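Where does a protein chain leave empty space, and what surrounds that space? Here is a friendly walk through one structure, with its pockets and strands as the main stops.

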Amino acid sequence: MLLKPALISFALGALACTQWLPAHGQSTPPYPAKPIRFVVPYPPGGTTDLVARGIGLTLGPRLGQQVVVDNRGGASTIIGAEVGAHAAPDGYTLLLVTQTTLSINPNVYPKLPYDAIRDFAPITPVVYFPYVIAAHPAVPANSVKELIELAKAKPGTIKYSTPGTASTNHLAGAQFESLTGTRLVHVPYKGSGPAFTGMLSGEVDLIITGIATVLPQVKSGRAKFIAVCADKRLANWPEIPAVGETPGLKGYEGGTWFGVVTRAGTPRAIVQKLNREIVATLATPDLRERFTAVGFEVRTSTPEEFARFIKTDVARMGRIIKGAAIKLN
């Protein structure tokens, strides 16, 4: 029996459709289907690297794919942030951001190759890193109250070191001056190492830095803690007083936060999945203990809460920077 041309055409069209449907369904495999790049806008070996690699090693098995840390340090995190801002919006490039990347840079650089709000899809904050005020043993102050009295008795003479101008350490110092009505001398160094050496040698009186950095020298008697830059004492170091315990300084917080973002435009389902898995990763006892042991506080949230926090923090940092007249040369 011969088929009419019209029936032959219909049959061939139906066959084509049945052959196309499975292939089309296979074109969007479940996420993730390949390794994920985790961009860190700092050189290897620092605290940001420690956080990213700790998260990556635990997150990878949960996602069933390798998470590869890609260090892109330099230019106050701008180099790495630009990589993240120009990545494909597919969830295969994550960026570890810090307060410097999203809250400070937009307030001190007139032009950036990324927009802190528009170019990224926030996933979750991951850790907060509280600073401490530590001093050379020769400094005649052993508490925040005594430090304030000393600074007011000798305005413009007490020097404190930080890793650089407009660093989060510098802003912690500027905020301290504003709240206490004191006038300290900020001495920016090229990195945390030189800033710490400057305090140990007596070139400066104080340093604002992380606990883990100064703890060995405090134990050996080459430095002393004045206070942790927080409202309350830290659970792991209850012996260190908090700045917020001093009358008039309640609510003071000096430190920096880290978070994870991806490219804006990434499908919401992928962002939500990354949020769930990263939050679960940070809840594992081993990773949480590893981070708290070196001075971090694990802090997580939903993507929406993190987005609101970023906008608020950009404005808050702007007020501190403007009030302290901080400018980059």
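What follows covers the open pockets, the enclosed cavity, the ring contacts and the strand pairing. Please keep in mind that this is a predicted model.

**Empty space**

Rolling a probe the size of a water molecule over the atoms shows where empty space is left. The table sets out the three spaces discussed here.

| Space | Volume | Lining by class |
|---|---|---|
| Largest pocket | about 930 Å³ | 21 nonpolar, 21 polar, 1 charged |
| Second largest pocket | about 240 Å³ | 10 nonpolar, 7 polar, 4 charged |
| Largest cavity | about 40 Å³ | 7 nonpolar, 1 polar, no charged |

Let us start with the largest pocket, which encloses about 930 Å³ of space. Of its 43 lining residues, Tyr42, Pro163, Ser167, Asn169 and Ser192 are the closest to the centre. Many elements contribute to this lining: helix H2 (47-63), helix H4 (99-108), strand S4 (120-135), helix H6, helix H7 (192-201), strand S7, helix H8 (211-219) and strand S9 (255-263) each give at least two residues.

The second largest pocket has 21 lining residues, and those nearest its centre are Gln99, Tyr128, Glu253, Trp257 and Arg316. Two or more residues of this lining come from each of H4, S4, H6, S9 and helix H11 (303-323). Which element gives the largest share of that lining? It is H11, with 5 residues. The lining of the second largest pocket includes 4 charged residues, while the lining of the largest pocket has 1.

Turning to enclosed space, the count comes to 1 cavity of 30 Å³ or more. The largest cavity is lined by Ile133, Leu147, Tyr160, Gly173, Phe176, Leu184, Leu206 and Ile208. Helix H6 (168-180) and strand S7 (206-210) are the elements that give two or more residues to this lining. No charged residue is found in the lining of the largest cavity.

**Rings and charges**

Aromatic pairs number 9 across the whole structure. One cluster, linked by ring pairs, is made of Phe129, Tyr131, Phe258, Phe291 and Phe296.

Two charged side chains sit over rings as well. Arg299 lies over the face of Tyr128, 4.1 Å from the ring centre, and Tyr128 is also one of the residues nearest the centre of the second largest pocket. Elsewhere, Lys34 has its charged end over the ring of Tyr92, at 4.7 Å from the ring's centre.

**Strands and crossovers**

Strand S1 (residues 36-40) pairs with strand S2 (residues 67-71) in the parallel sense, over 5 bridges. Within this pairing, Val39 has Asp70 of S2 as its bridge partner. Together with H2, these two strands make a right-handed β-α-β unit. H2 has already appeared above, among the elements lining the largest pocket.

What kind of unit do S5, H6 and S6 make? They make a right-handed β-α-β unit. Strand S5 (residues 159-162) and strand S6 (residues 185-188) are parallel and share 4 bridges, with Ser161 partnered by Val187 of S6.

S5 is also joined to S7 by 2 bridges, and these strands run parallel. Here Tyr160 has Leu206 of S7 as its bridge partner. Tyr160 and Leu206 are both among the residues that line the largest cavity, so-called enclosed space that brings us back to where H6 and S7 each give two or more residues.

How values were computed
Residues are numbered from 1 along each chain as its sequence is written. This is a predicted model: local features need pLDDT of at least 70, side-chain atom pairs count only at pLDDT 80 or more; totals for chains, interfaces and linings use all residues. Side-chain values use heavy atoms; hydrogens and water are left out. On a 1 Å grid over the protein atoms alone, a cavity is a set of points where a 1.4 Å probe fits but cannot get out, and a pocket is an open set with protein on both sides within 12 Å along at least five of seven lines; lining residues have an atom within 4 Å of a point. Grid points are joined across faces, edges and corners, and a volume is the space filled by probe spheres set on the points. Ala, Val, Leu, Ile, Met, Phe, Trp, Tyr, Cys and Pro count as nonpolar, Asp, Glu, Lys and Arg as charged, and the others, Gly among them, as polar. Rings of Phe, Tyr and Trp (its six-membered ring) pair if their centres lie within 6.5 Å; planes under 30 degrees apart count as stacked, over 60 as edge-to-face and the rest as tilted. A charge sits over a ring if NZ of Lys or CZ of Arg is within 6 Å of the ring centre and within 35 degrees of the ring normal. Two strands pair if DSSP finds at least two bridges between them. A crossover is right-handed if, with the strands pointing away from the viewer, the path from the first strand over the helix to the second runs clockwise.
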